[in-house]
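User: I would like to go through this structure in short questions. Please reason from the coordinates and end each answer on what I asked for.

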Amino acid sequence: MKNTMNRHMKQAIASVILSTALLSECGGALPGMTAASAEAAGSVAAVQMISAEGLFSDRDMKQEVEAADAVLVQLDGSTAVCASDAVRIDGSRITLLHEGVYVFSGTLDDGQIIVDADSTDKVQIVLSGTNITSASSAAIYCLQADKVFLTLAISKRFDHTRVFGSGGMPSSHSAMACAMVTTIGFREGFSSTIFGLAFCFAGVVMYDAAGVRRSTGRNAAVINHLIEGLAGNGLAFDEERLKELVGHTPIQVLAGALLGILVGSLIA
């Protein structure tokens, strides 16, 4: 038994010595690796900084927009208006075809702006008070271009003319007419003659706001784009810019009507 214990003891000591030798070999340099190679492998590699000057030109870093050189696109609910051939409009699908600066304003419901220019073109999209929604894909989608720049035009100027001006959300004309109809209905009766007249009057006002007046604003936008395009070619015009925000979208008319009914119900 003593010989057996001595044999097991010698095997254990040999195993410890072998393990120590293996661990020492792993901690050192690998076979065939020089001292210089081992030192380089053990040091931390230097991080190379990438300069933006090599990726972007002065034009790329420019934030200002020249109004005379920009293409103006007026969004109008389910479509858009633009006088430039660089923009293709197919319903709510707006495609930018060439290099340049495109300034968008207005609202586009369930539409899309697509950039499909040459591979060397740089396209800058400026969103100025723009609201774009798309239920199926991205609101702004790039198919092809060298670079696409997205700029948000933010204005913190208080425009006091909007307090008394027409257009916008909600329709004040619809609100006033519906408030009058609701008040007359509660005070004179919903079966009275004056309520019927007021109801017809409110219907004409709301129809005019979403129909004739809205078309007038869209026509004014087209004329303004044409004048700006001609002015960019050296032709001078002394006429003032036509007012584009005249009518209302159906949603703005509906919001005004609901507001008027609420106010009329409270004061009746």
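User: What is the mean pLDDT of the protein?

Analyst: This is a predicted model, and confidence comes with each residue. Of the residues, 63% reach a pLDDT of 70 or more. Over residues 1-5 the pLDDT is below 50, and that stretch has 0 contacts beyond near neighbours in sequence. For the protein, the mean pLDDT is 74.

User: How many contacts beyond four places in sequence does the model have for residues 16-31?

Analyst: Residues 16-31 keep a pLDDT under 50 throughout. Counting beyond four places in sequence, the model gives this stretch a number of contacts equal to 2.

User: Which residues of the largest nonpolar core touch the most other members?

Analyst: The core has 19 residues. Strands β1, β4, β5, β6 and β7 each supply at least two of them, and the largest share, 4 residues, comes from β7. Touching the most other members are Leu96 and Phe104.

User: Which residues does leucine 96 contact, leaving aside neighbours within four places in sequence?

Analyst: Its partners include Ala86, Val87 and Tyr102. Further along the sequence, leucine 96 meets Ile113, Ile114, Val115, Asp116 and Ala117. The list also holds Phe104, Val123 and Ile125.

User: Which residues does the second, separate core include?

Analyst: This core has 7 residues. Two of its members, Ala177 and Ile184, are among the buried residues of α5. Named members of the second core are Ala177, Ile184, Phe195 and Ala198.

User: How far does helix α5 reach from its first C-alpha to its last?

Analyst: Helix α5 covers residues 172-188, which is 17 residues. At 1.5 Å a residue, 24 Å is expected, and the model is close to that. Just after α5, glycine 189 takes a positive phi of about 105 degrees. The reach of α5 is 24 Å.

User: Which helices are included in what covers the buried residues of α5?

Analyst: The buried residues of α5 include Ser174, Ala175, Val181 and Gly185. Their cover includes two helices, α6 (193-210) and α8 (250-267).

User: Is threonine 183 buried or exposed?

Analyst: Threonine 183 lies in helix α5. It touches Gly264, Ile267 and Ala268, not counting residues up to four places away in sequence. Its relative accessible area is 15%, under the 20% cut-off, so threonine 183 is buried.

User: How many disulfides does a search of the whole structure find?

Analyst: Cysteine 178 is buried at 9% relative accessibility. Cysteine 200 is exposed, with a relative accessible area of 51%. Across the whole structure, the search finds a disulfide count of 0.

Methods
Residues numbered from 1 in each chain as written. Predicted model: local features only at pLDDT ≥ 70, side-chain atom pairs only at ≥ 80, totals over all residues. Heavy atoms only, no water. Expected span 1.5 Å × (residues − 1). Buried < 20%, exposed > 50% of the residue type's maximum accessible area, 1.4 Å probe, protein only. Contact = heavy atoms within 4.5 Å. Core = buried A, V, L, I, M, F, W, Y, C linked by side-chain atoms within 4.5 Å. pLDDT = per-residue confidence, 0-100. Disulfide = S-S within 2.5 Å.
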